[in-house]
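Dear colleague,

I am passing on a structure that may be new to you, and I would be glad if you could look through it before reading my notes below.

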Amino acid sequence: MIENRPWLKLFSHFILIAGVLIVALPVWVALVGSTQSAGSFADSVPLWFGDQGVQNWSHVLFHAAGSTLQIPVWHLLLNSMIMALGITFGKIAISMISAYAIVFFRFPFRSLIFWVIFITLMLPVEVRIVPTYQVIANLNMLNSYSGLILPMIASATATFLFRQCFMSMPGELVEAARIDGAGPIRFFFDILLPMSRTNIAAMFVIMFIYGWNQYLWPLIITTDDTYYTLVMSIKNMLSVPDGDIEWNNVMVTTLLAMIPPVAVVVGMQKLFVKGLVDAEK
Amino acid sequence: MSVYFPQKKLPYLLVLPQLIITAIFFLWPAGQAFKQAFYREDAFGLSQTFIGFGNFIDLFQDPLYYKSMGVTMVFSFSVAFFGIAIALWLAVMADRVIRGKMAYQTLLVWPYAVAPALAGVLWWILFDPNIGPIALFLDRIGIHWNHFLNGDQAMILVVIAATWKQISYNFLFFLAGLQAIPRSLIEAAAIDGAGPFKRFWDIVFPLLSPTTFFLLVVNLVYAFFDTFGVIDTTTQGGPDGSTNTLVYKVFKDGFIGLDSGGSAAQSIVLMAIVGLMTVVQFRFIERKVQY
């Protein structure tokens with residue numbers, strides 16, 4: 001610190017604590033609300049714990065998410081996990097090998113291919129939603145895990161990141177590998193993969209959050225609730241006449257849908273920050 | 001790098017999966033959107049008539065489209081402005097404290113992981129006109145809150161929910177930016193008698209301007225395209241189109257209005273906007289590298 005100003009320091013802490021509390025406020029309300037009976041929401045949202053916590057959570061997790069969604073949330077959690085991990089591993093795998101080809105080989109149309117991958121940045125699913133839906137419908141991929149995962153795994157961001165990472169590696173590595181008689185496949189698995197561990201882990205954190213939080217895509221391509229994912233199912237629980245919303249169940253489901261990605265961010269904070277900063281380079 | 005593997009066919013095999021996915025799920029639909037934008041489909045989807053630029057002409061004569069553009073502007077710039085201002089303030093404070101910096105960071109960054117749709121639900125609960133604690137408090141001090149009926153209040157709600165999620169991201173980038181400012185500069189200013197506020201406005205803030213500009217672009221892109229969930233779970237574009245952003249309108253017209261030509265024309269316009277923003281983002285990053 002440049003100089004000692006105790007009041008300013010106190011003020012800084014005060015602002016930070018206020019910020020933390022305001023940011024946490026909605027989660028607090030959801031947490032205490034998840035322990036209330038449905039009737040407790042008649043006049044106002046309760047601001048302190050009720051006594052229905054265990055019942056609500058176990059009912060939602062193992063029995064049914066709510067009266068409009070007769071499917072236990074553990075099943076939706078499982079679907080979300082399959083989708084998120086599928087998207088994450090898929091993205092990392094195909095981006096890594098395409099970045100590998102672009103950096104370590106010279107072949108005709110190399111830069112054209114690079115531009116085709118770049119173009120995907122300009123076509124987020126939100127802007128081409130109707131035609132993409134029609135393509136999936138034509139391919140008979142509605143209501144399937146492959147329909148949830150495959151369209152999401154092309155990634156310009158991840159390809160760029162791995163390209164940067166590979167380009168920073170010394171060329172002598174390739175030379176040494178070639179002298180020792182290692183081919184490209186061997187080089188990839190024995191040298192490149194171990195050397196990019198941290199980058200892969202950082203990408204994993206970012207892509208897991210991206211995959212888990214998909215909303216619009218699962219919403220339009222799943223009509224069969226065995227393929228519902230947790231985040232999108234919340235829409236279903238809210239689409240009831242005003243006043244009939246089972247707020248306690250909605251809050252349990254919302255919290256359950258938040259816990260896995262928040263745990264990843266908090267538990268792997270260093271990798272998360274690295275992934276975030278790298279992804280924007 | 002100047003050493004390459006000599007194989008000729010292997011690299012094509014390696015890029016193939018990415019290219020197949022891109023072709024099927026990106027290029028094909030984008031091509032379809034281009035085609036549909038020039039056709040009009042009847043209500044049953046049985047026949048298509050080529051109408052040239054008809055869909056685009058309709059679009060740019062539609063007052064609702066201009067309204068949606070205005071809504072998108074107000075929404076995006078509000079989210080970017082408040083997200084950046086609040087995050088910068090918090091980051092400057094966090095940069096001052098020595099004890100507990102890491103704890104503050106953890107407690108401020110987790111909302112990044114919350115899905116936009118869930119952020120919408122969480123803030124709806126607080127602002128529910130009948131039972132939400134904040135809405136009830138506002139009622140008591142004389143502000144009648146009902147975001148289902150009042151367009152401005154609906155806009156405020158979606159801006160709050162979208163900003164809440166974005167503060168964490170901006171905070172991390174500002175904190176990194178602040179830590180990169182050489183201490184000697186600040187010390188020199190302090191020796192010359194500049195107080196903390198003067199130092200912030202004359203030294204810190206100008207030095208952060210590349211970060212701020214970068215965040216402005218990223219935040220606008222976020223507000224444009226990643227906030228679909230916030231709007232869909234809370235206001236669904238209403239009341240009376242007051243939160244109907246361009247991205248939400250594409251979905252609404254295409255899936256609920258079943259106007260595939262109009263929706264495709266809107267998709268094309270949006271693709272042009274994303275393209276422009278991507279170029280700006282990359283241009284800017286190139287410049288940053290030259291420092």
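How many helices and strands does chain B have? In this model, which is predicted, chain B has 13 helices and two strands. Its radius of gyration is 24 Å, well over the 19 Å that the globule rule gives for 291 residues, so chain B is more spread out than a compact globule. Along the principal axes, the C-alpha atoms of chain B fill a box of roughly 75 × 75 × 30 Å.

As to how the chain packs, 43% of the 291 residues of chain B count as buried. If one takes the contacts in chain B between residues at least 6 apart in sequence, 71% of them join residues at least 24 apart.

Turning to the partner chain, 82 residues of chain B are in contact with 83 residues of chain A. On the side of chain B that touches chain A, the largest share comes from helix H1 of chain B (residues 10-36), which supplies 19 residues. By type, the residues on that side of chain B divide into 62 nonpolar, 16 polar and four charged.

There is also a record to set beside the model: in an unreviewed entry, UniProt lists residues 69-281 of chain B as "domain: ABC transmembrane type-1". Over residues 69-281 the model of chain B is 77% helix and 0% strand, and the C-alpha atoms at the two ends of that stretch are 21 Å apart.

With best wishes

Technical notes
Residues numbered from 1 in each chain as written. Chains lettered and ligands numbered in written order. Predicted model: local features only at pLDDT ≥ 70, side-chain atom pairs only at ≥ 80, totals over all residues. Contact = placed C-beta atoms within 7 Å. Helix = DSSP H or I, 4+ residues; strand = E, 2+ residues; numbered from the N terminus. Nonpolar A, V, L, I, M, F, W, Y, C, P; charged D, E, K, R; others polar. Rg over C-alpha atoms; globule rule 2.2 N^0.38 Å. Buried ≥ 20, exposed ≤ 12 C-beta atoms within 10 Å, placed from the backbone. UniProt positions renumbered as here; feature names shortened; annotations may be inferred.
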